[in-house]
Amino acid sequence: MPVDHYENFPVASLLLPARLREPVEAIYAFARSADDIADEGDAPAVARLARLKDYRLELDAIGRGAPPRDVGLAPMFDRLGRNIRAHALPLPLFRDLLDAFGQDVGKTRYADFAELADYCRRSANPVGRLLLHLYGAATPDNLRLSDRICTSLQLINFWQDVAVDWAKRRIYVPQDELARFGVGEADIDAGRCDERWRALMAFEVQRARATMLEGAPLARRLPGRIGWELRLMVAGGLRILERIEAADYDVFRRRPTLGRTDWPRLAWRALRYQGIG
């Protein structure tokens, strides 16, 4: 399931074939640490961007077949480089992730959904694409479906984390949609869950659900453990949307998450393909 810190990445769980756990963990370590640079601590923006630039230089070194430049980063990038070469993973996907993390350092508002979708293209979609490359299943159609699932997971994370993001003075709800539903930043600051907010969130939840269901056929297409991992991710994302609805869209007072009681339901849905298209 998505993890707390870099939410768009599945943990290398027991459902993954053993041969893939090492590359998945190497990619996750890269993504998690880069995301931490952008989001955690109190370093100034210029220092965060400089460190992310160091990561880009290390990716360039991997592309040239050169050793890591930074001694402190060497263990992580040595491991990452070995797995990139072993599995022929596309370097541009890693650069896309860094672009998204760098954008988080300075950009705190999105004018419209097109801007937000472009962010998802770089922050979330590369993860699914990298996994498909590891699985040997990176066909054009599979990549398209994976993009829909990953974009949806990113949107779901935004809607469950409205209050968390506001604490960092970030708003991922597109500005034109806030205006359309008559919601202002003062309403978010006050945690005001009125009819305007509920209508806005209902709209956002429905779009995230529709996007997930567009990609869900991929969960039935991939075989074995890989397919089960994906079915649980899809079912889990849809379940969080149900949690948001059950809370009457009040994501301010309690963050909608999955609990132990959800797992039997998710396993049943994964088994019967319920709720995943």
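In this predicted model, the side chain of Gln160 makes a polar contact with the side chain of Asn157, at 3.5 Å. A second polar partner is Pro256, whose backbone oxygen lies 2.6 Å from a polar atom of the Gln160 side chain. Gln160 belongs to helix H7, which spans residues 140-160. The residue is buried, at 8% relative accessibility. Beyond its neighbours within four places in sequence, Gln160 is in contact with Ile240, Ile244, Arg255, Pro256 and Thr257. Pro256 thus appears both among these contacts and as the source of the backbone oxygen facing the Gln160 side chain. Ala186 stands 26 residues from Gln160 along the chain, and the C-alpha atoms of the two are separated by 19 Å.

A second buried polar residue is Arg239, with a relative accessible area of 13%. Arg239 sits in helix H13, residues 224-246. Its side chain makes a polar contact with the side chain of Glu242, at 2.7 Å. Setting aside residues up to four places away in sequence, Arg239 touches Leu258, Asp262, Arg265 and Leu266. Helix H14 covers residues 262-272.

The fold as a whole is helical. The protein has 14 helices and zero strands. Its radius of gyration is 19 Å, close to the 19 Å that the globule rule gives for 277 residues, so the protein is as compact as a globular protein of that length. Along the principal axes, the C-alpha atoms fill a box of roughly 55 × 50 × 30 Å. Among contacts between residues at least 6 apart in sequence, 68% join residues at least 24 apart.

Buried residues account for 52% of the 277 residues. The exposed surface comes to about 12200 Å², and carbon and sulfur atoms supply 55% of that area. The largest nonpolar core holds 76 residues. Phe30, Phe94, Tyr135 and Trp197 have the most contacts inside this core. For Trp197, the contacts outside its neighbours within four places in sequence are Val162, Val183, Ile188, Arg192, Tyr249, Val251 and Phe252.

Tyr249, one of these Trp197 contacts, also stands out in its backbone. Its phi is near 70°, a positive value in a residue other than glycine. Most residues other than glycine have a negative phi. Tyr249 lies in the loop between H13 and helix H14. The residue is buried, at 14% relative accessibility. Arg169 likewise has a positive phi, near 60°, and is not a glycine. It lies in the loop between helix H8 (162-167) and helix H9 (175-180). Arg169 is partly exposed, with a relative accessible area of 44%, whereas Tyr249 is buried.

Cysteine pairing was also examined. The structure holds zero disulfides. For Cys150, the closest cysteine sulfur is that of Cys120, 10 Å away, which is too far for a bond. A disulfide would need the two sulfur atoms within 2.5 Å. Cys150 is buried, with a relative accessible area of 9%. Cys193 is buried as well, at 17%.

Note on methods: Residues numbered from 1 in each chain as written. Predicted model: local features only at pLDDT ≥ 70, side-chain atom pairs only at ≥ 80, totals over all residues. Heavy atoms only, no water. Buried < 20%, exposed > 50% of the residue type's maximum accessible area, 1.4 Å probe, protein only. Helix = DSSP H or I, 4+ residues; strand = E, 2+ residues; numbered from the N terminus. Polar contact = N/O pair within 3.5 Å; in protein donor to acceptor, adjacent residues only side chain to side chain. Contact = heavy atoms within 4.5 Å. Rg over C-alpha atoms; globule rule 2.2 N^0.38 Å. Areas by Shrake-Rupley, 256 points an atom, 1.4 Å probe, with all protein chains shown as cover. Core = buried A, V, L, I, M, F, W, Y, C linked by side-chain atoms within 4.5 Å.
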